[in-house]
Amino acid sequence: MTPMRAMVIDDSRAMRMILKRIVTKLNFEAVEAGDGKEAMDLLADMTEVPELALIDWNMPNMNGLEFVTKVRADPRLREMTLVMVTTESEQSQIVRALAAGAHEYVIKPFTEGAMIEKLALLGLVPTGANS
Amino acid sequence: MSVEVEVDESDLAEMVEQVWESYLDPEGVSPLIPTYDENQPSEVHSSVSITGSWTGHVVYASSRAAAKRAAAAFLAMELEEVSEEDMSDTLGELANIVGGNVKAMLPPGAQLSLPQVVLASESSARYPNAQRISGVYGMWEGEPVSISMWQVSTDNKEEGA
């Protein structure tokens with residue numbers, strides 16, 4: 001069976017490493033991007049679209065909200081599950097992200113367990129991957 | 001315009017506790033022990049600036065050993081594997097996370113900068129027209145760590161260090 005793929009988009013290399021560790025543990029193949037623009041460029045070259053993207057909000061070049069908006073406007077990418085992972089925790093920002101098309105919202109700092117729980121709620125945690 | 005900030009030391013302490021629980025001490029065996037000593041030494045620091053409804057800085061400062069330990073915990077590495085880049089990235093992200101949570105407690109209209117990391121003492125930093133308004137100071141596995149907030153004065157008072 002082909003493993004699911006996750007794109008980890010954050011300008012912080014440290015945060016990308018944490019997120020990559022979590023999704024790899026869940027048997028995803030991880031792809032990294034340092035900002036929304038780099039992620040869009042990578043997606044343009046991919047024949048198979050990742051099932052999941054974990055997206056920071058505040059990034060140079062293209063921020064997370066712009067990335068979500070662009071993905072939602074592209075029919076080829078419509079099946080991607082988009083999860084914002086950010087320190088932006090104001091209610092108004094969460095509403096903006098969800099309105100733009102994000103499926104879930106995880107506020108930093110988060111525990112590994114909390115992230116896995118969110119992904120499980122989205123039906124993205126393969127059976128037995130969290131044992 | 002900058003409003004009086006409503007974020008106090010107990011709020012900061014709660015944010016710091018969450019960071020420790022999430023990344024630096026998920027097993028709960030090695031908490032930050034408060035010292036309440038705002039003059040404790042540091043060898044490295046990182047900061048994010050907030051502008052808008054409140055203007056100031058959120059600063060992480062620690063010894064180099066604590067920074068290295070933080071990077072090892074954050075990135076799930078052995079201490080001896082930690083590079084300068086790992087340390088720098090981790091300190092930047094720590095400042096970013098606490099700064100983002102501080103921003104969330106401010107009135108709407110605040111903007112968060114990208115983090116800055118300086119592998120030198122906090123006392124080498126210069127925050128023009130800013131003064132420290134609160135902080136969490138402690139020892140983590142015997143090494144000094146602090147997270148503090150600096151408010152920029154809107155009137156032209158003398159520079160804080």
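Colleague: Which residues does A:D56 touch, not counting residues up to four places away in sequence?

Modeller: In this predicted model, A:D56 touches A:I9, A:D10, A:D11, A:M15, A:G64, A:V85 and A:T86. Each of those pairs counts as a contact because the two C-beta atoms, placed from the backbone, lie within 7 Å.

Colleague: What makes A:D56 buried?

Modeller: The cut-off for buried is 20 or more other C-beta atoms within 10 Å. A:D56 has 27, so it is called buried. Its place is the loop between β3 (52-55) and α3 (64-72) of chain A.

Colleague: What feature does UniProt place at A:D56?

Modeller: An unreviewed UniProt entry puts "modified residue: 4-aspartylphosphate" there, at A:D56. An annotation like that may be inferred rather than shown by experiment. Another UniProt annotation, also from an unreviewed entry, is "domain: Response regulatory", which covers residues 5-123 of chain A. Over that stretch the chain is 44% helix and 20% strand, and the end C-alpha atoms are 14 Å apart.

Colleague: What pattern does chain A follow along the sequence?

Modeller: Chain A reads β-α-β-α-β-α-β-α-β-α, and its secondary structure comes to 5 helices and 5 strands.

Colleague: What makes chain A as compact as a globular protein of its length?

Modeller: Set the value against the rule: the radius of gyration of chain A is 13 Å, and the globule rule gives 14 Å for 131 residues. Those are close, so chain A is as compact as a globular protein of that length. Along its principal axes, the C-alpha trace of chain A spans about 35 × 35 × 25 Å. Buried residues make up 40% of chain A. Of the contacts in chain A with a separation of 6 or more, 61% come from residues 24 or more positions apart.

Colleague: On to the other chain. Which residues of helix α1 of chain B are buried?

Modeller: In α1 (residues 9-24) of chain B they are B:L12, B:M15, B:V16, B:V19, B:W20, B:S22, B:Y23 and B:L24. Some general background helps when reading a list like that. An α-helix has 3.6 residues a turn, so residues three or four places apart point the same way. The buried residues of α1(B) pack against α2 (64-74), α3 (84-104), β6 (130-140) and β7 (143-152) of chain B.

Colleague: Which residues is B:V19 in contact with, leaving aside neighbours within four places in sequence?

Modeller: B:V19 is in contact with A:P109, B:L24, B:L94, B:I97 and B:V98. B:V19 is also among the residues with the most contacts inside the largest nonpolar core, which has 78 residues. The others in that group are A:I9, A:L54, A:I55, B:V16 and B:V98. As for A:P109, it is found in the loop between β5 (104-107) and α5 (112-121) of chain A. The peptide bond leading to it from A:K108 is cis, with omega near 0°.

Colleague: How many residues of chain B are in contact with chain A?

Modeller: 20 residues of chain B are in contact with 17 residues of chain A. On the chain B side, α1 and α3 are the elements that give two or more residues, and α3(B) gives the most, with 9 residues. By class, that side of chain B has 10 nonpolar, 7 polar and 3 charged residues.

Colleague: Why is B:Y36 called exposed, and why does B:E141 count as partly exposed?

Modeller: Exposed takes 12 or fewer neighbours, and partly exposed covers counts between that and the buried cut-off. B:Y36 has 10 other C-beta atoms within 10 Å, so it is exposed. B:E141 has 14 C-beta neighbours inside 10 Å, so it counts as partly exposed. Phi of B:Y36 is near 60°, a positive value in a residue other than glycine. For B:E141, phi is near 50°, again positive in a residue other than glycine. B:Y36 sits in the loop between β1 (33-34) and β2 (44-51) of chain B, and B:E141 in the loop between β6 and β7 of chain B.

Colleague: What confidence does the predictor give the complex, and where does pLDDT stay under 50 in chain B?

Modeller: The complex gets an ipTM of 0.82 and a pTM of 0.87 from the predictor. Chain B has a mean pLDDT of 88, and 90% of its residues reach 70 or more. Among the elements of chain B, strand β4 (residues 111-112) has the lowest mean pLDDT (90) and α2(B) the highest (96). The stretch where pLDDT stays under 50 is residues 157-161 of chain B, for which the model has 10 contacts beyond four places in sequence.

Key: Residues are numbered from 1 along each chain as its sequence is written. Chains are lettered from A and ligands numbered from 1 in the order in which they are written. This is a predicted model: local features need pLDDT of at least 70, side-chain atom pairs count only at pLDDT 80 or more; totals for chains, interfaces and linings use all residues. Helices (H or I, at least four residues) and strands (E, at least two) are DSSP runs, numbered from the N terminus. The radius of gyration is taken over C-alpha atoms; the globule rule is 2.2 Å times the number of residues to the power 0.38. Ala, Val, Leu, Ile, Met, Phe, Trp, Tyr, Cys and Pro count as nonpolar, Asp, Glu, Lys and Arg as charged, and the others, Gly among them, as polar. pLDDT is the predictor's confidence in each residue, from 0 to 100. A nonpolar core is a set of buried Ala, Val, Leu, Ile, Met, Phe, Trp, Tyr and Cys residues joined through C-beta atoms within 7 Å.
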